[in-house]
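The following note is offered to a colleague who has the sequence and the coordinates at hand. It proceeds by numbered points.

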Amino acid sequence: MTKAGSLAILGGTVVDPSQKLEAPRDLLIEDGRIAEVAEPGALRASAAQTVSAKGLIVAPGFIDIHVHLREPGQAHKETIASGTAAAAAGGFTSVCAMPNTTPVNDLPAITRWMQDAERGAVVNVFPIAAATRGSQGEKLTNYAELKRAGAVAVSDDGRPVLDDHIMRKALEMAKRLDIPVIQHAEDTRISKNNPVHEGEMAFRLGLRGQPVEGEWRLVERDLTLARQTEGHVHVAHVTTAHSLELIRRARQEGVPVTCEVTPHHFTFTDAELAGYDTNFKMNPPLRGEPDRLALLEALLDGTVDCIATDHAPHARFEKYVEFDRAAFGITGLEIAFGVACTALHHDRKMPLARLVELFSTNPAKVVHLDGRGTLAVGARADITIFDPKKRWTYDLAKTRSKSHNAPWDRTVMRGRVVQTIVGGNVVYKAGS
C-alpha cells in the first residue's frame, strides 16, 4: 500500500557513518521519518513520489553548528528565511544559530521566536543561547529555561567568556543539563580586537595583528576547567596548530572537549590580505601556512569533530569600507561542502565517510540532536544527496543569502549538493 506523502530515494549509495554503512541502498520515507532502508529494488512498500539518486551519494542531512542568522534585529544583513535558504542550497538540513542578535538571545522568549514558523525557515533551526546575560560575561543566563525553550547549547560567540569563575560556573551548569558550552577562543586582552593575524603580512600591510597566543591560551584555560568540572567545552573555529595539540592531549586524558574548523581557515592564509580585500577579514583571522596545514592534518586524523561555516553575513556598508573599519566575517553556507569535498576528498583522499562524519554525524552528537545525523530506521528524514565528482563554479550573484561578503565568487569546486530533504520534503534541488 502506498502511503500519502511518502517518498522513495532509489539507486543511490548510502554513506552513513553512524551505521558504518557505505553501500547501494534504497530508502523509504513516511511521515517525515526513515521507514525502510533496503537493498536496491527490495523496498517492501511503494511511495507516492520517487527521487532517483543513481550515481549519487545519499547521506544523513548536513548540520552546521555555527551560523549567524542575524534575526532578531539585524534583518538588513540576513533573515532566518534567507539564511536557511542558503543553508538548504549548501546541503544543510539543520543549522544552529548563534545568539549575537539584537537583542542578544538570552531569554526563552527570543529562543522560541527564532523557531516560530512565521520566520519562514526552510531547514531546521536550533538556537544557541547566550551563556551570560547580554553576552557580557558577568552573570549566567537561565540554562534550564533556555534548553526547555529549544536551545541546544550556550555560547557568547564573538564575546569570549574571560572570567575564570564565570566559565567554571557555565561548565558546571551545562554539565547538569547535558549541553555544551561553545567558546569563541580569543583572549581579547591579548588579541585587542586587531584585524589580522600577527605575522609578516600584518607588518607589510601596516595592520595590527592578533598573536596565536590569544587563541591557545584561552583554549588551555578552558581545557583545565573542563577537566575539573567534567563539563563539555566545544572550541569554535580553531585556527592554530598549538590549540589543536592541546585539544589532542586533553582528549587523550578523557577531557570532554570537541572542536570545529571552518572552510576558510583550512583553505586560505593571511597571504590573501595583500590587496586589503575585506572579504578576507574574519575573526579569528586567517593564519599562516603552517597553521593551515595543521588544520588539514587535524581534519584527516580525527582531531577535528566538525566542519562549521561561521556564516557571518554583513551589508555592503559594513563590509566594503577601509580595512580597519570593516566588519569581521564572511558567508559560507552555500560553498562549504564544495570547498571541503575538493580540498579534503579529492586533494587529500579523505574517505567520503569521514567527510559525512564531519558534516553530519559528529555535529549531531556535539549538540545532541537525537534522530539526526543518521539514516537509521526511525530517524528524522533529513537527507543530503550529493555528487562528489561534479565540477561547478560558484556564482555569488545567485546567492540566496541577503549578503554578498564572500571571497568564493567564481571558485571552481568538485563536489556538489544535488538535493536537500528536510523531514521528507525536498527543500532544494540543484538547477531549480
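1. Which residues are buried in α1? In this predicted model, they are Ile80, Ser82, Gly83, Thr84, Ala86, Ala87, Ala88 and Ala89. Because eight of the ten residues of helix α1 (residues 80-89) are buried, the helix is largely enclosed by the rest of the structure. Its buried residues pack against β7, α2, β8 (124-130), β17 and β18 (425-429). Just after α1, glycine 91 adopts a positive phi of about 90°.

2. Helix α10 comprises 13 residues (residues 289-301), and its length can be checked: at 1.5 Å a residue, the expected span is 18 Å, and the end C-alpha atoms are 18 Å apart, so the two values agree. Buried in α10 are Asp291, Arg292, Ala294, Leu295, Leu296, Ala298 and Leu299. The elements against which these buried residues pack are α8 (241-252), β14 (257-261), α9 (263-267), β15 (306-307), α12 (336-346) and α13 (352-366). Glycine 302 follows α10 and has a positive phi, near 95°.

3. The pairing of α8 with α10 deserves a separate point. Two packed helices are described by the angle between their axes and the distance between the axes. Here the axes of α8 and α10 come within 8 Å and cross at roughly 30°. An angle under 35 degrees counts as roughly parallel, and α8 and α10 are therefore roughly parallel to each other. On the α8 side the contact involves Ala241, Leu244 and Arg248, which meet Asp291, Ala294, Leu295, Ala298 and Asp301 of α10.

4. Arginine 248 also takes part in salt bridges. Within helix α8, the side chains of glutamate 245 and arginine 248 form a salt bridge, at 3.3 Å from N to O. These two residues are three apart in the helix, about one turn. Glutamate 245 is partly exposed, because its relative accessibility is 28%. Arginine 248 forms a further salt bridge with aspartate 301, where the closest N and O atoms are 3.0 Å apart. Since arginine 248 belongs to helix α8 and aspartate 301 to helix α10, this pair ties together parts that are 53 residues apart in sequence. Aspartate 301 is partly exposed, with a relative accessible area of 39%. Salt bridges with shared partners join Glu245, Arg248, Arg249 and Asp301 into one network.

5. The model has 20 salt bridges in total. One of them links arginine 44 and glutamate 36, with the closest N and O atoms 3.3 Å apart. Are the two partners buried or exposed? Arginine 44 is exposed, with a relative accessible area of 76%, whereas glutamate 36 counts as buried because its relative accessibility is 9%.

6. Serine 360, in helix α13, is buried, with a relative accessible area of 0%. What lies 3.3 Å from a polar atom of its side chain? The backbone oxygen of proline 60 occupies that position. Leaving aside residues up to four places away in sequence, serine 360 touches Pro60, Gly61, Phe62, Ile63 and Gly373.

7. Two cis peptide bonds should be inspected in the coordinates. The bond from threonine 102 to proline 103 is cis, with omega near 5°; proline 103 is placed in the loop between β7 (92-97) and α2 (108-115). The bond joining asparagine 283 and proline 284 is likewise cis, with omega about 5°. Proline 284 is located in the loop between α9 and α10.

8. Positive phi values also occur at residues that are not glycine. Asparagine 193 has a phi of about 60° and sits in the loop between α5 (188-191) and β11 (196-197). With a relative accessibility of 48%, asparagine 193 counts as partly exposed. Arginine 410 has a positive phi near 70°, and its place is the loop between β16 (383-393) and β17 (412-422).

Technical notes
Residues numbered from 1 in each chain as written. Predicted model: local features only at pLDDT ≥ 70, side-chain atom pairs only at ≥ 80, totals over all residues. Heavy atoms only, no water. Helix = DSSP H or I, 4+ residues; strand = E, 2+ residues; numbered from the N terminus. Expected span 1.5 Å × (residues − 1). Buried < 20%, exposed > 50% of the residue type's maximum accessible area, 1.4 Å probe, protein only. Contact = heavy atoms within 4.5 Å. Polar contact = N/O pair within 3.5 Å; in protein donor to acceptor, adjacent residues only side chain to side chain. Salt bridge = Lys/Arg side-chain N within 4 Å of Asp/Glu carboxyl O. Axes fitted to C-alpha atoms, helices over the stretch in contact; angles between N-to-C directions. Parallel < 35°, antiparallel > 145°, perpendicular 65-115°, else oblique.
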